[in-house]
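Colleague: Before we discuss the assignments, please put the model up. I would like the reason behind each label.

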Amino acid sequence: MIAIMSSPLDALFFGSVSRTLSASESLFLTGDAVAVIYRVRAGRIALNRTTPQGTVLLLQTAGEGDVLAEASTYSDRYHCDAVALEPCAVEAVPKADFARALASDRSLAEAWERRLAHAVQEARMKSEIRTLRTVAERLDAWRSAKDGGLPPKGQWQELASELGVSREALYRELARRNRRSS
C-alpha cells in the first residue's frame, strides 16, 4: 500500500477502495454520475473543462492527498474531466458514505469546510492571475502565490495552461528571464 501523510480527512476515506490509472487514462468525464469521491494517493491528475469553443481549461492539477472535484460531493454529475498525467493511485469511497461521515462528525465536517475554503481561495487566485494582461505579470503573480518557485521543467506546459497562456509564450518569457539573469 502507498503511504500517504496523515490528514484530518483520513476518516472520510475509511474503507476506501484503491484503483490505479496509467498515464493519460481518464478517471471520470464531464457528465458522468457522481457515485464515489476520490482522493489521490500517488501521482498527479488534471481536472480539465472544455469550453463550447473547444478550449481545454486546466482547473486543477491534483497531487498526493488531494480530493478530486470537491464540489462533486454536492452534485449529481461531474462538471470536468479527470485525466492521469502520470501513473496514479487513487482511493474511492461511496458518495453516500462520505456524506454520512461528514454529518456524523462535526470536527471532520469542519476540516472538510477548511479544505473547501482553501479550494475557493485557490480558484480565485487563478482567476485573478488570468485577468492580468501579460505573460510576465501572470508568471510573477503565480510565483508570488507559490513562494517564488517554478515547477520542474517537465511540468511547464501545465503551468502555461494554468496561467491561460500558450506554452510557447511561457517558454519565451522564461528564456527572457534567463537571459536577464545571466
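Colleague: Which residues are linked in a network of salt bridges?

Modeller: D140, E173, R176, R177 and R180 are. This is a predicted model, where local features need pLDDT of at least 70, side-chain atom pairs count only at pLDDT 80 or more, and totals for chains, interfaces and linings use all residues. Residues are numbered from 1 along each chain as its sequence is written, and side-chain values use heavy atoms, with hydrogens and water left out.

Colleague: What makes E173 and R176 a salt bridge?

Modeller: The term requires a side-chain nitrogen of Lys or Arg within 4 Å of a carboxyl oxygen of Asp or Glu. The closest N and O atoms of E173 and R176 are 2.9 Å apart, so the pair qualifies. R180 also meets E173, at 3.8 Å, N to O.

Colleague: Why is E173 called buried?

Modeller: Buried means under 20% relative accessible area, exposed over 50%, and partly exposed in between (1.4 Å probe, protein chains only). E173 has 4%, so it is buried. R176, at 39%, counts as partly exposed, and R180, at 62%, as exposed.

Colleague: How do you know that C80 forms no disulfide with C88?

Modeller: A disulfide is a pair of cysteine sulfur atoms within 2.5 Å. The closest cysteine sulfur to that of C80 is in C88, 15 Å away, and therefore too far for a bond. The structure holds zero disulfides. C80 is buried at 6% relative accessibility, and C88 is buried at 5%.
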